[in-house]
Amino acid sequence: MNRNHAVAATKMSQLLLMQLRPRLFSTTSHFASRSSIMGPSKIPMDTTIGTARVLAMHARNWSAHASDLGTNKKEDNDQKAVSSYWGIAPPSLTKADGSAWKWNCFRPWEAYEADTSIDMKKHHKPVTWNDKIAFGIVQALKYPTHFYFQKKHIHHAVLLETVAAVPGMVGGMLLHAKSLRRFEQSGGWIKALLEEAENERMHLMTFIDVYRPKWHERALVFAVQGVFFNAYFLAYLASPKLAHRITGYLEEEAVNSYTEFLNDLEKGVMEDMPAPAIAIDYWCLPQNSTMKDVVRVIRADEAHHRDLNHYASDIQCGGHELKEYPAPIGYH
């Protein structure tokens with residue numbers, strides 16, 4: 001009986017092999033090269049074990065072949081499959097000269113020419129207790145950072161921009177939530193503050209092209225941003241006019257820091273270098289621009305953010321709400 005069962009099993013496996021032969025024993029060069037290592041002819045086909053070994057070997061070959069094909073076609077098909085499924089096709093953008101637009105972090109219509117004629121020395125004198133508290137907070141934050149970075153201007157700029165992009169995002173987020181709760185418009189201030197946050201983030205993207213922070217600097221950014229985000233969030237909830245005044249004074253210090261940066265570049269204390277490509281496209285700078293040109297336009301942006309936040313604080317100090325005054329959208 002055992003012999004009869006073995007013969008029956010062998011016949012069944014052979015029939016199964018005949019059905020699967022067109023799939024498993026492909027005549028492509030891929031399978032031929034793999035089968036040459038251990039061809040089916042070297043395994044006796046009159047046993048169940050031999051048949052099973054052949055099936056297993058070719059199944060492995062087929063799996064590897066399918067995996068290879070999937071890898072080769074993945075880059076071609078993934079983007080098409082995703083965009084065709086959702087009906088969203090990635091835009092094909094070009095610059096004015098017809099060359100391909102390579103930045104995904106901003107679009108050509110978001111580029112602009114910075115107004116560097118703005119007054120860099122403007123200062124809001126602290127008069128009220130609100131102003132004095134805001135000014136004192138900024139001065140308390142200023143000295144530790146200057147002591148830590150000293151003349152490492154690019155290192156300082158990287159940390160500065162990771163913090164400077166927080167107030168606009170927090171303010172815009174809270175105004176957005178307020179607009180939804182009260183069923184009222186915001187006077188464009190949501191967009192203006194988010195625009196400020198995005199502009200500050202682009203400053204960071206520019207400096208990241210020049211310098212990559214070390215692990216301890218990344219840890220410092222993580223800690224400072226975590227503390228500052230939550231502190232500013234609570235400050236804005238408690239007193240938006242105080243929060244905007246703090247940001248105004250922070251931007252004044254940013255202008256001063258970039259002025260020192262620019263002075264050292266002009267004096268030759270720091271080596272000037274070609275402007276990053278992302279900065280040339282974002283600020284519409286000439287192709288032969290250098291880091292001095294980049295610092296000038298970034299400093300101008302910070303001066304505009306300074307004015308916007310002091311203006312927002314003045315509106316609220318006067319007993320008004322931001323929505324009563326149209327926001328200076330695109331002011332930077």
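# Ten helices and their cores: a conversation

From the N terminus on, the elements of the protein chain run α-α-α-α-α-α-α-α-α-α. The model is a predicted one.

Student: Hello! How many helices and how many strands does the protein chain have?

Tutor: Good place to begin. Every element along the chain, read from the N terminus, is an α element. The count comes to ten helices and zero strands.

Student: What share of the residues in the protein chain count as buried?

Tutor: A residue counts as buried at under 20% relative accessible area. The protein chain exposes about 19600 Å², with carbon and sulfur atoms supplying 60% of it. Of its 332 residues, the buried share is 40%.

Student: Among contacts between residues at least 6 apart in sequence, what percentage join residues at least 24 apart?

Tutor: Here a contact requires heavy atoms within 4.5 Å. For the protein chain, the percentage is 76%.

Student: Let's look at helix 4. How far apart are its end C-alpha atoms, and what span should its 21 residues have?

Tutor: Helix 4 covers residues 129-149, and the rise to use is 1.5 Å a residue. The expected span is therefore 30 Å, and the end C-alpha atoms agree with it at 31 Å.

Student: Why do the buried residues of helix 4 lie on the same side?

Tutor: The buried residues are N130, D131, A134, V138, Q139 and F149. They lie on the same side of helix 4 because the arc they cover around the axis is only 150 degrees. In general, an α-helix has 3.6 residues a turn, so residues three or four places apart point the same way. The value that settles the matter for helix 4 is the arc of 150 degrees.

Student: Which exposed residues sit on the face of helix 4 turned away from its buried side, and which helices are included in the cover of the buried residues?

Tutor: The face turned away carries W129, A140, Y143 and F147 as exposed residues. The cover over the buried residues of helix 4 includes helix 5, helix 7, helix 8 and helix 10.

Student: Which element gives the most residues to the largest nonpolar core?

Tutor: This core has 31 residues, and F207, F261 and W283 have the most contacts inside it. Elements giving two or more residues to it are helix 5, helix 6, helix 8, helix 9 and helix 10. The one that gives the most, with five residues, is helix 10.

Student: Which residues does W283 touch, leaving out those up to four places away in sequence?

Tutor: W283 is among the residues with the most contacts inside the largest core. Beyond its sequence neighbours, W283 touches Y112, E113, A114, H203, T206, V297, I298 and D301.

Student: Is F183 buried or exposed?

Tutor: F183 has its place in the loop between helix 5 and helix 6. Its phi is near 55 degrees, a positive value in a residue other than glycine. The cut-off for exposed is over 50%. At 78% relative accessibility, F183 therefore counts as exposed.

Student: And C284: where does it lie, and what is its relative accessibility?

Tutor: C284 lies in the loop between helix 9 and helix 10. Phi of C284 is near 55 degrees, which is positive, and the residue is not glycine. C284 counts as partly exposed because its relative accessibility is 40%.

Student: Last one: how many disulfides does the structure hold?

Tutor: A disulfide needs a pair of cysteine sulfur atoms within 2.5 Å. The number in this structure is zero.

Notes:
Residues are numbered from 1 along each chain as its sequence is written. This is a predicted model: local features need pLDDT of at least 70, side-chain atom pairs count only at pLDDT 80 or more; totals for chains, interfaces and linings use all residues. Side-chain values use heavy atoms; hydrogens and water are left out. Helices (H or I, at least four residues) and strands (E, at least two) are DSSP runs, numbered from the N terminus. The expected span of a helix is 1.5 Å times one less than its number of residues. Buried means under 20% relative accessible area, exposed over 50%, partly exposed in between (1.4 Å probe, protein chains only). The arc is that of the directions from the helix axis to the C-beta atoms. A nonpolar core is a set of buried Ala, Val, Leu, Ile, Met, Phe, Trp, Tyr and Cys residues joined through side-chain atoms within 4.5 Å. Accessible areas come from the Shrake-Rupley method with a 1.4 Å probe; for residues, only the protein chains shown count as cover.
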